[in-house]
Amino acid sequence: MSCHGGQQQRTSIGRAMITNPSIILADEPTGNLDTKSSEEIVELLKKSNRDYKQTIIMITHNMEIAKQADRIIKLEDGKITSKQ
C-alpha cells in the first residue's frame, strides 16, 4: 500500500491516543501496509507504551510483529492455544 495508507493508520492511532487512554486496542494496525509503514506503526505503538504507560492489545497474524510484544497469546478457533 502507498504511504497514504500508513498516514491513515497513524492518524487513526493518533485519534485513539489523543485522550490518553490506559488501554489501546489495535486490530491489525499494520494490515495492508508496506514493510516501512508497518515498522513505523509498531514503533509508534511501542513509544506510546513506553512514554505514556499505555497497555497496547494488538491483534495480528504477522508473527514478526507479534515477536516484538512483551507477551503473546495465541488463539485458535476462539481458544487460547499458547501463552508466551
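What follows is a walk through this predicted model, from its confidence scores to its surface, salt bridges, pocket and loops.

Let's begin with how far the coordinates can be trusted. The chain has an average pLDDT of 88, and 94% of its residues score at least 70. Confidence is not spread evenly over the elements: helix α1, covering residues 3–17, has the lowest mean pLDDT at 76, while strand β2 has the highest at 95. Where pLDDT is low, predicted coordinates should not be read in detail. It is worth keeping those element means in mind as you move along the chain.

Now turn to the surface. Four residues, Ile23, Leu25, Ile57 and Ile59, make up a nonpolar patch there, and together they have about 380 Å² of accessible area. Which strands does the patch draw on? Strands β1 (23–27) and β2 (55–59) each contribute at least two of its residues. Take one member from each strand. Leu25 sits in β1 and is exposed, with a relative accessible area of 65%. Ile57 belongs to β2 and is partly exposed, at 40% relative accessible area. Both residues can join such a patch because membership asks for over 30% relative accessible area, and Leu25 has 65% while Ile57 has 40%. If you want a distance to check in your viewer, the C-alpha atoms of Leu25 and Glu39 are 18 Å apart, with these positions 14 residues apart along the chain.

Charged side chains come next. How many salt bridges does the structure hold? There are 4, and three pairs are worth visiting here: Glu40 with Lys36, Lys47 with Asp51, and Lys67 with Glu64.

Start in helix α2, which spans residues 35–52. Glu40 and Lys36 meet through their side chains in a salt bridge, with an N to O distance of 2.6 Å. The two residues are 4 apart in the helix, so about one helical turn separates them. Their accessibility is not alike in class: Lys36 counts as exposed at 55% relative accessibility, whereas Glu40 is partly exposed at 29%.

Further along α2, Lys47 pairs with Asp51, and the closest N and O atoms of this salt bridge lie 2.4 Å apart. Here again the residues are 4 apart in the helix, so the separation is about one helical turn. Lys47 is partly exposed, at 42% relative accessibility, and Asp51 is also partly exposed, at 39%.

The remaining pair on this visit is Lys67 and Glu64, whose closest N and O atoms are 3.4 Å apart. Lys67 counts as exposed at 54% relative accessibility, and Glu64 is likewise exposed at 54%.

From the salt bridges we can move to the pocket. The largest pocket has a volume of about 850 Å³. It is lined by 23 residues, and those closest to its centre are Ile56, Ile57, Met58, Ala69 and Arg71. The elements that give two or more residues to this lining are α2, β2, α3 (63–66) and β3 (73–76). Ile57 therefore appears twice in our tour: this partly exposed residue is a member of the nonpolar patch and is among the residues closest to the pocket centre.

Finally, look at the loops. Most residues other than glycine have a negative phi. Which residues here have a positive phi without being glycine? One of them is Asn20, with phi near 55°, and another is Lys53, with a phi of about 55°. Asn20 is placed in the loop between α1 and β1 and is partly exposed, with a relative accessible area of 47%. Lys53 is found in the loop between α2 and β2, and its 67% relative accessibility makes it exposed.

One more loop residue rounds off the route. Asn32 lies between β1 and α2. Is Asn32 buried or exposed? At 67% relative accessibility, Asn32 counts as exposed. Its C-alpha atom is separated by 20 Å from that of Arg15, a residue 17 positions away along the chain.

Methods
Residues numbered from 1 in each chain as written. Predicted model: local features only at pLDDT ≥ 70, side-chain atom pairs only at ≥ 80, totals over all residues. Heavy atoms only, no water. Patch = residues over 30% accessible without salt bridge, like charges linked within 9 Å, V, L, I, M, F, W, Y side chains within 5 Å. Areas by Shrake-Rupley, 256 points an atom, 1.4 Å probe, with all protein chains shown as cover. Buried < 20%, exposed > 50% of the residue type's maximum accessible area, 1.4 Å probe, protein only. pLDDT = per-residue confidence, 0-100. 1 Å grid on protein atoms, 1.4 Å probe; cavity = no way out; pocket = protein on both sides within 12 Å on 5 of 7 lines; lining within 4 Å. Points joined across faces, edges and corners; volume = space filled by probe spheres on them.
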